[in-house]
Amino acid sequence: MASEAFLPVALIIGYLLGSIPFGLILTRLAGTQDLRSIGSGNIGATNVLRTGRKGLAAATLLGDALKGTAAVIIAGYLGGPNAEMVAGLGAFLGHLFPVWLKFRGGKGVAVYIGILLGLFWPAAIFFCLVWLATAFALRYSSLAALAASVLTPIVLWAFGHTALAALFALLTLLLIYMHRENIKRLQAGTESKIGAKK
C-alpha cells in the first residue's frame with residue numbers, strides 16, 4: 001500500500017488504540033466504583049487517583065502513555081513517518097473522544113507524552129521535566145501539564161522538527177480545550193493543589 005493511501009488506516013489504528021480506556025478497565029477489574037461517577041468523571045490517571053488506589057493510577061498513566069507510543073510505532077513500521085504522525089493524532093483523538101464511551105474520555109496528558117516518546121523521545125523528557133518543575137514550584141498538576149504542552153511545540157520547532165511542531169501545536173490546543181474547566185478554576189483560585197486535603 002502506498003504511504004499516502006495508508007494514512008487513513010494509520011488514523012484508524014491510532015484512534016482504536018487511543019480509545020482503549022485503561023482507567024475504566026483497570027478500576028473495574030479492581031472492583032472500585034464506576035470511575036465516571038468519581039471526581040471529574042473522566043477516565044484518566046488523575047481521576048483514577050481519586051479512588052485512593054495509587055497503583056491503579058500509575059498503571060493507567062503507563063497504559064495511556066504506551067498506547068500512544070504503540071500507535072506511532074506500529075503505523076510508522078507499516079507506513080513510514082507521515083503515517084506515524086497521523087496515528088499519533090488518531091491516538092490522541094481516540095483517548096479524548098472514545099466512541100465506546102459516548103466520546104467522553106480523558107484529558108490527554110499521558111497519551112501526549114506517549115506520542116512524544118514514539119516520535120521524538122528527547123521532547124518527551126523535556127515535557128516531563130517542565131511538568132515536574134512546574135508542579136514542584138506551584139503544586140498545580142493541570143498548570144504543569146498546560147505549561148509543558150505549550151512549550152513542547154516551541155522546542156520541537158527549535159530542533160528543526162517543523163512537522164512535529166505543527167502536530168503538537170494542534171495537540172496542545174486540544175489539550176488546552178480539555179482543561180478549560182481547570183483553567184477557569186486556576187483563574188478563580190479554586191483549583192486543587194497537589195497533595196491538598198479535600
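1. Burial and the kind of model. Buried residues account for 43% of the 198 residues in the protein chain. The structure is a predicted model, and the points below should be read with that in mind.

2. Secondary structure. The protein chain contains 10 helices and 0 strands. Read from the N terminus, its elements run α-α-α-α-α-α-α-α-α-α.

3. Overall dimensions. The radius of gyration of the protein chain is 16 Å, which agrees with the value near 16 Å for a compact globule of 198 residues. The C-alpha trace spans about 55 × 40 × 25 Å along its principal axes.

4. Contacts along the sequence. Consider the contacts between residues at least 6 apart in sequence: 61% of them join residues at least 24 apart. Several of the residues discussed below have partners of this kind, including Phe92 and Leu175, which are 83 residues apart in sequence.

5. Surface and charge. About 10,100 Å² of the protein chain is exposed, and carbon and sulfur atoms supply 70% of that area. The chain has 16 positive and 6 negative charges, and the mean positions of these two sets are 14 Å apart.

6. Record annotation. An unreviewed UniProt entry lists residues 6-26, 56-79, 85-103, 110-134 and 154-177 under "transmembrane region". Two of these spans can be set against the model. Residues 85-103 are 63% helix and 0% strand, with their end C-alpha atoms 22 Å apart. Residues 110-134 are 96% helix and 0% strand, and their end C-alpha atoms lie 16 Å apart.

7. Asp64. Is this residue of helix H4 buried or exposed? Asp64 has a relative accessible area of 2%, so it counts as buried, the cut-off being under 20%. The helix that holds Asp64, H4, covers residues 54-79. Leaving out residues up to four places away in sequence, Asp64 touches Ile20, Phe22, Ile43, Gly44, Ala45, His95, Ala110 and Val111.

8. Leu66 and Thr69. Both Leu66 and Thr69 lie in helix H4. Leu66 is partly exposed because its relative accessibility is 41%, whereas Thr69, with a relative accessible area of 10%, is buried. The C-alpha atoms of Leu66 and Gly118 are separated by 8.9 Å, although the two residues are 52 apart along the chain. Gly118 appears again as a contact of Thr69, together with Gly114, Ile115 and Leu117, when neighbours within four places in sequence are left aside.

9. Phe92. Which residues does Phe92 contact, apart from its neighbours within four places in sequence? They are Gly108, Val111, Tyr112, Ile115, Leu171, Leu174 and Leu175. Phe92 lies in helix H5 and is buried because its relative accessible area is 0%. One of the contacts, Leu175, is 83 residues away in sequence, and its C-alpha is 9.3 Å from that of Phe92. Val111 is a contact of Phe92 and is also touched by Asp64. Ile115 likewise is in contact with Phe92 and with Thr69.

10. Positive phi angles. Phe103 is not a glycine, yet its phi is positive, at about 65°. This residue sits in the loop between helix H5 (81-96) and helix H6 (109-119). Arg139 is another residue other than glycine with a positive phi, near 65°. Its place is the loop between helix H7 (121-138) and helix H8 (141-158). Arg139 counts as partly exposed because its relative accessibility is 36%.

11. Arg185. Where is Arg185 found? Arg185 lies in helix H10, residues 180-188. Its relative accessibility is 32%, so Arg185 counts as partly exposed. Apart from neighbours within four places in sequence, Arg185 is in contact with Lys107, Thr190 and Glu191. A check against Gly106 gives a C-alpha to C-alpha distance of 18 Å, with the two positions 79 residues apart in sequence terms.

Key: Residues numbered from 1 in each chain as written. Predicted model: local features only at pLDDT ≥ 70, side-chain atom pairs only at ≥ 80, totals over all residues. Heavy atoms only, no water. Helix = DSSP H or I, 4+ residues; strand = E, 2+ residues; numbered from the N terminus. Rg over C-alpha atoms; globule rule 2.2 N^0.38 Å. Buried < 20%, exposed > 50% of the residue type's maximum accessible area, 1.4 Å probe, protein only. Contact = heavy atoms within 4.5 Å. Areas by Shrake-Rupley, 256 points an atom, 1.4 Å probe, with all protein chains shown as cover. Lys, Arg positive; Asp, Glu negative; His and termini not counted. Charge placed at Lys NZ, Arg CZ, Asp CG, Glu CD. UniProt positions renumbered as here; feature names shortened; annotations may be inferred.
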